[in-house]
Amino acid sequence: MAVLSLTNAHLAFGHVALLDAANFALETGERVGLIGRNGTGKSSLLKILAGLEKLDDGLLQQQQGLTNVYVPQEPELRGDATIFDVVSEGVAEAKALRERYERHDEHDDLAWVQERIEHIGAWNWEQRVDETLQRLGLDGSRLVGSLSGGLKKRVALGRALVAQPDVLLLDEPTNHLDLDAIAWLEGLLNDFKGSLLLITHDRQFLDNVANRIVELDRGQLRGYPGNYAAFQAAKAYELENEALANARFDKLLAQEEVWIRKGVEARRTRSVARVQRLQEMRLQHAARRDVQGKVRLDIDTGSASGKIVAELEDVSKSYGDRPIVRGFTSTILRGDKVGLIGPNGAGKTTLLKMILGELPPDSGTVRLGSRLTVAYFDQMRDTLNLDATLADTISPGSEWIEIGTQKKHVKSYLGDFLFSPARANSPVRTLSGGERNRLLLARLFARPANVLVLDEPTNDLDIETLELLEELLAEYDGTVFLVSHDRRFLDNVVTSTIVYEGDACWREYEGRVEDWLTQSKRAAALQAKATPAAAPTPPPAPEPAPVVATKRKLSYKEQRELDEIPKQIAALEAEQTQLNALIAGSELYTQGAKRIAEVTDRAAEIDAELLALMERWEVLESK
């Protein structure tokens with residue numbers, strides 16, 4: 001049963017139609033992920049459903065007595081208030097009713113007040129707030145103004161959850177949250193009893209939370225059952241069919257246009273119905289909602305750096321009495337793509353500045369490589385002049401820009417990042433958050449650099465741009481340092497991770513985020529096994545032969561096998577993702593029992609093959 005719905009909804013800003021006769025319904029208990037390009041109107045749609053903005057035309061309906069709470073991207077909180085007071089704003093009606101009852105105003109309808117208090121559970125609102133704070137890990141006595149961005153987001157979520165709404169509307173809830181906080185939020189939302197509609201570009205988060213995906217595409221809202229992986233499979237099939245249908249239509253239209261332009265002799269015999277059909281086809285073609293263009297990304301790596309980018313030996317850094325980095329050693333080579341992972345405030349930026357030689361360590365040594373040219377992407381966008389035009393931001397004082405050996409007009413270059421020529425002379429302040437990020441990327445890639453430092457580049461970027469950025473960074477010849485809380489993005493880009501492990505200790509791991517999680521879990525399990533046996537002194541090994549055997553060099557055949565295993569695993573995981581999407585979708589179950597059995601059997605086979613490959617990889621690496 002739908003708790004709220006939109007029918008024939010229209011919304012436009014200027015000549016741009018954000019909603020064009022769109023329809024939408026949110027069912028009881030649904031967890032819907034709303035996705036779409038930056039600037040398509042997702043946040044506006046959320047505000048309309050929250051009652052904060054109005055449609056130009058159309059109908060918004062909701063169940064009688066429905067309560068909904070909206071949490072924006074950047075929630076407004078009173079900085080001088082305590083966390084307890086701000087979260088208590090979510091039970092404002094309960095507070096007011098109980099105060100009203102306790103005043104015993106003789107002109108008041110106390111019977112109705114008491115009935116309403118009992119209906120919304122207002123007698124114990126303090127207990128509800130305390131339970132919510134405990135669940136969110138928040139200290140109610142702290143002032144909101146002293147909190148980090150991630151903690152402020154928790155406070156805003158606490159204020160929403162304590163109200164126990166029927167519908168929760170969240171706009172980019174994972175922004176400013178670290179990996180642990182995102183995992184915590186996933187559990188929180190999966191336990192939420194009401195209906196949920198959220199905007200996010202975190203694909204892993206969507207896979208773990210959403211049970212339906214709704215895409216806002218060219219003014220229309222289309223729903224897809226299942227998580228993001230299921231959506232990807234269904235969308236690819238849909239776009240393929242749409243392209244084929246458009247190609248057939250265009251071929252027929254071209255034939256009809258040739259016919260209508262034939263000589264006088266042909267015009268005498270032409271069919272009135274055929275002419276009328278051609279006119280209708282022209283109107284259909286003009287009204288077609290063509291697939292939007294894609295961002296085209298390219299980058300000038302400039303001259304190559306030396307083979308070694310940075311060598312750190314036992315470096316430490318403290319601020320006052322607080323240690324940030326303790327005894328860290330690492331070697332960064334040209335072409336490495338390093339992800340820095342740690343909670344907000346752990347010191348990722350401090351460590352990064354030491355690696356790049358911008359901040360001296362208190363102890364230890366840092367040796368930098370030669371010919372380093374560093375380009376930065378700043379998550380806070382402080383480097384953008386809001387009064388400058390887009391063109392001046394990219395190429396100050398010139399209409400042309402050089403990318404490697406290629407020379408481009410600045411308007412054409414901006415067009416590669418989906419900025420129309422008409423907007424080239426618009427000020428930066430007119431852009432949305434996602435568009436400003438896109439502009440920063442355009443400026444970053446316009447400058448030659450062999451070291452890229454990307455600090456939270458995924459915030460506010462749409463999924464399509466994220467995927468294209470992943471491809472670009474994977475092919476980039478230089479060195480990348482990436483700070484991000486987007487697990488899927490990190491997994492698709494990095495070749496190693498530097499992870500905060502508490503108490504100012506940082507450790508480097510080879511591989512992706514999943515590899516780090518696997519290795520750290522294995523290390524923790526081994527340590528747990530070793531701890532009880534640490535008391536008795538183990539007998540000495542009779543012979544060192546096994547140790548020597550583990551140190552032997554791999555044979556040529558074994559080395560080739562080791563090199564091929566990651567590719568085999570990647571291919572199997574890609575196939576597994578496609579099969580899981582089929583299983584999660586509805587199309588498979590219309591193809592008969594034989595096809596269903598084939599897909600499910602192959603999915604089971606892949607699990608076994610992956611397990612065997614992982615075990616073999618571990619054996620070869622141990623040698």
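This passage describes a helix and a small group of strands in a predicted model.

Helix H5, which spans residues 125-136, has 12 residues and reaches 17 Å from its first C-alpha to its last, close to the 16 Å expected at 1.5 Å a residue. Within H5, the residues Trp125, Arg128, Val129, Thr132, Leu133 and Leu136 are buried. When the helix is seen down its axis, the buried residues of H5 fall within an arc of 130°, so they line one face of the helix. These buried residues pack against helix H2 (83-88), helix H3 (92-103), helix H4 (110-120), helix H6 (149-161) and helix H7 (179-191). After H5 comes Gly137, whose phi is positive, near 70°.

Further along the chain, 3 strands form an open sheet in the order S11-S10-S13, with antiparallel pairing. Strand S11 (322-333) and strand S13 (363-368) are the edge strands, each of which pairs on one side only, and the twist averages 15° from one strand to the next. The antiparallel pairing of S10 with S13 extends over 5 bridges, and Leu312 has Val366 of S13 as its bridge partner. Helix H12 (residues 348-355) lies across S10, S11 and S13, and runs at about 135° to S10.

Strand S10 (residues 308-319) includes Ala310, which counts as buried because its relative accessibility is 0%. Not counting residues up to four places away in sequence, Ala310 touches Ser330, Thr331, Ile332, Ile355, Arg367, Leu368 and Gly369. The C-alpha atoms of Ala310 and Leu372 are separated by 9.9 Å, although these residues are 62 residues apart along the chain.

How values were computed:
Residues numbered from 1 in each chain as written. Predicted model: local features only at pLDDT ≥ 70, side-chain atom pairs only at ≥ 80, totals over all residues. Heavy atoms only, no water. Helix = DSSP H or I, 4+ residues; strand = E, 2+ residues; numbered from the N terminus. Expected span 1.5 Å × (residues − 1). Buried < 20%, exposed > 50% of the residue type's maximum accessible area, 1.4 Å probe, protein only. Arc of directions from axis to C-beta. Contact = heavy atoms within 4.5 Å. Pairing = 2+ DSSP bridges. Axes fitted to C-alpha atoms, helices over the stretch in contact; angles between N-to-C directions.
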